[in-house]
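Here's a walk through one structure, taken a piece at a time. Keep the viewer open and follow along.

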Amino acid sequence: MKIKQLTIAAAISTCLSAPTFAGHYVPGIEGVKASSVPPPGVYYKGYYVNYDVEGSVDVTVNALAHRLIWVTPQKFLGGDLTLETILPMINEKVKAGGTTVKSESGLGDLYLGGVIGWHGERWDAVGGMGYWAETGDKDKVGEGHDGIMLTFGGTYKLNQAGDITLSGLGRYEINGDKSGGVTVNDNLTLEWGLGKSYGTLDVGIIGYMTREMSGSNKEERNALGMSVGKFWPSIMLGADIAAYKEFGYENFVGNGRTIRASLTKVF
């Protein structure tokens, strides 16, 4: 019994000192055609994300993010002005030595932002910025700090028919400090997708890289996966599911896996 207690205590100590997720943005949210802003209109996107990693500690995160997007008819700098807001609902569980040391649920921090979407004959591009407000409960699932997020990326049609695409989407987070002057490192996330369309069906190979860009002992994770999505024009509804497996990490607890499902409704 004493040996088990010592093992759990050591694991808890490892958990408290282990690298944590840097920033607010969750990698693996987007993939194929991630940088293509849709036509003017109002859109709701609901994302379910399950992230699970086993290592010195076991971490499981389940999140349901509600995203409201308004692609306005207004042109700005030659592109479509788009406004958006995101509100996540999060459940986090941490196990150490087979014992649950954390299990919390609640609303995460609120995001308010805007982007501009440009369109060419064989390409799309996006750029913008937004603000993560410290609205979540920092003692539960809130990050405990605010931050600015820069968005940039593009989608290119690799053939004349336009049914094969390569996309890349970047998110650079400039994080504020936590209370007490605790520094949160800046973070860069790059998501990419190579997709093939079969009418209203999209399949693709997807991946992401997320890395801390400031401080020492920088955390980095890389992942590769696949996705399939379908859109039903008659009811203006789309759905997408994807799975990722991390294959390389630095200064983190281990290689994790991500499962993502999303639902898009056009109003």
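Are Glu246 and Arg221 buried or exposed? Both of them are buried. Keep in mind that this is a predicted model, then zoom in on that pair. Glu246 and Arg221 form a salt bridge, with their closest N and O atoms 3.0 Å apart. Glu246 sits in strand β12 (residues 237-250) and Arg221 in strand β11 (residues 220-232), so the bridge ties together parts that are 25 residues apart in sequence.

Arg221 has another partner, too: its side chain meets that of Glu219 in a salt bridge at 3.5 Å, N to O. Glu219 is buried, just as Arg221 is. As for the general idea, side chains of opposite charge can pair when their charged atoms come close.

How many salt bridges does the count come to? The total is 11. One of them joins Asp80 to Lys75, where the closest N and O atoms are 2.5 Å apart. Asp80 has a relative accessible area of 5%, and since buried means under 20%, Asp80 counts as buried.

Now swing over to strand β1 (residues 41-54), where you'll find Asn50. This residue has 11% relative accessibility, so Asn50 counts as buried. Its side chain makes a polar contact with the side chain of Asn62 at 2.8 Å. Leaving aside residues up to four places away in sequence, Asn50 touches Thr60, Val61, Asn62, Arg257, Thr258 and Ile259.

Next, the nonpolar side of things. The largest nonpolar core has 18 residues, and Tyr51, Val53, Val57, Val59 and Tyr244 are the ones that touch the most other members. Which elements give two or more residues to this core? They are β1, β2 (58-76), β3 (79-96), β10 (201-212) and β12. You've met β12 already, as the strand that holds Glu246.

Finally, turn to the surface. A nonpolar patch of about 980 Å² is made there by Trp123, Tyr156, Leu158, Leu166, Trp192, Leu194, Ile205, Leu224, Met226 and Phe247. Both β9 (187-198) and β11 supply at least two residues each to the patch. Pick out Trp192, which lies in strand β9. With 33% relative accessibility, Trp192 counts as partly exposed, whereas Arg221 over in β11 is buried.

How values were computed. Residues numbered from 1 in each chain as written. Predicted model: local features only at pLDDT ≥ 70, side-chain atom pairs only at ≥ 80, totals over all residues. Heavy atoms only, no water. Helix = DSSP H or I, 4+ residues; strand = E, 2+ residues; numbered from the N terminus. Buried < 20%, exposed > 50% of the residue type's maximum accessible area, 1.4 Å probe, protein only. Polar contact = N/O pair within 3.5 Å; in protein donor to acceptor, adjacent residues only side chain to side chain. Contact = heavy atoms within 4.5 Å. Salt bridge = Lys/Arg side-chain N within 4 Å of Asp/Glu carboxyl O. Core = buried A, V, L, I, M, F, W, Y, C linked by side-chain atoms within 4.5 Å. Patch = residues over 30% accessible without salt bridge, like charges linked within 9 Å, V, L, I, M, F, W, Y side chains within 5 Å. Areas by Shrake-Rupley, 256 points an atom, 1.4 Å probe, with all protein chains shown as cover.
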